[in-house]
Amino acid sequence: MSDSTVTGPEGREEVAVPRTVTGGNGQGARRRLRRPQRPRLWFEILLIAMSYWTYSLIRNAVPEQRAEALRNADWVWRVEHGLGIAVEQSVNHAVNSVTWLIVGMNYYYATLHFVVTLGVLVWLYRWHPGRYAAARLVLFATTGVALVGYYLFPLAPPRLMRGGTFVDTVLVHHTWGSMASGDLKNMSNQYAAMPSMHIGWSLWCGLTIFALASVPWMRLLGLLYPVATLTVIVATANHFWLDALGGVLCLAFGFTVARLWYGVLPHCLPRLVPAPQPPEPAPARTPSP
């Protein structure tokens, strides 16, 4: 992927601003807001920390409607049976029988969700500052709309379904692998499984890496990461397939918000922050006779 450049008055190259971002003369204020700005480190750290704290606070403040969440889980399970995709229990039991594999997945579930997402944000900040704000907007909009799903559709994860057919792999193997199991379960809303932000965030990471990385093996890893995450959330009985679909829909909403705001998708913006444009001279007045 390459950026358009123009030659400045002193012969040096500067990044050109896409027409869709700059707009016309009558939209000066709107153009400045939409124009990529160089991110400030202290502001980004504060913004991400406050945003995640707010997200966690709101998510955990959603009333834990246990009865409704269990009814919804039964309904989702029936729907998946009707669609012929209800294989989560088989995957859960099969992977649980391989101790080293399921223990690794428990730690994957608990850590990479945060580590990889923050890592991609840092990579964007350092190497793609012109695209950083738009990509961050996608992530924030995706996460924000997920909160609506937690309020409107409380859902128990498979491991909490009635009947005990699923294995809670964190409890069985005594691993630190989830904020929603064991001693930490009271710190997290047990019934906020729909949509899956493990899928929303991992797919955001994967698509971002695939679109912007220049090394082929990194692009391949970007595509494999959400696939691996999907396998993990099902094998550990933390989500249904349909929870993953909810995460994909939330991400589609996030990309739509960024597209409407910036006029293009994040990867179509210049990699570097465009050089400031000089103000246009005011039209000369015609002297009155």
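Helix H11 (residues 241–262) has 22 residues, which at 1.5 Å a residue should span 32 Å, and its end C-alpha atoms are 32 Å apart, in agreement. The expected span is 1.5 Å times one less than the number of residues. Helices here are DSSP runs of H or I with at least four residues, numbered from the N terminus. The model is predicted: local features need pLDDT of at least 70, side-chain atom pairs count only at pLDDT 80 or more, and totals for chains, interfaces and linings use all residues. Residues are numbered from 1 along each chain as its sequence is written, and side-chain values use heavy atoms, without hydrogens and water.

H11 packs against helix H9 (residues 197–212) at an angle of about 50°, with the axes 7 Å apart. That makes H9 oblique to H11, a class for angles that are not under 35 degrees, over 145 or from 65 to 115. In the contact (heavy atoms within 4.5 Å), residues of H9 including Leu203 and Trp204 meet residues of H11, among them Val248 and Phe255. The contact residues divide into ten nonpolar, two polar and no charged.

Buried residues (under 20% relative accessible area; exposed is over 50%) in H11 include Leu242, Cys250 and Tyr262.

Backbone phi values in and around the loops:

| Residue | Phi | Place |
|---|---|---|
| Histidine 174 | near 55° | loop between H8 and H9 |
| Alanine 237 | about 65° | loop between H10 and H11 |
| Glycine 263 | about 85° | just after H11 |

Histidine 174 counts as exposed at 71% relative accessibility, whereas alanine 237 is buried at 0%. A cis peptide bond, with omega about 0°, joins methionine 194 and proline 195.

Conventions
Axes fitted to C-alpha atoms, helices over the stretch in contact; angles between N-to-C directions. Helix = DSSP H or I, 4+ residues; strand = E, 2+ residues; numbered from the N terminus. Nonpolar A, V, L, I, M, F, W, Y, C, P; charged D, E, K, R; others polar. Buried < 20%, exposed > 50% of the residue type's maximum accessible area, 1.4 Å probe, protein only.
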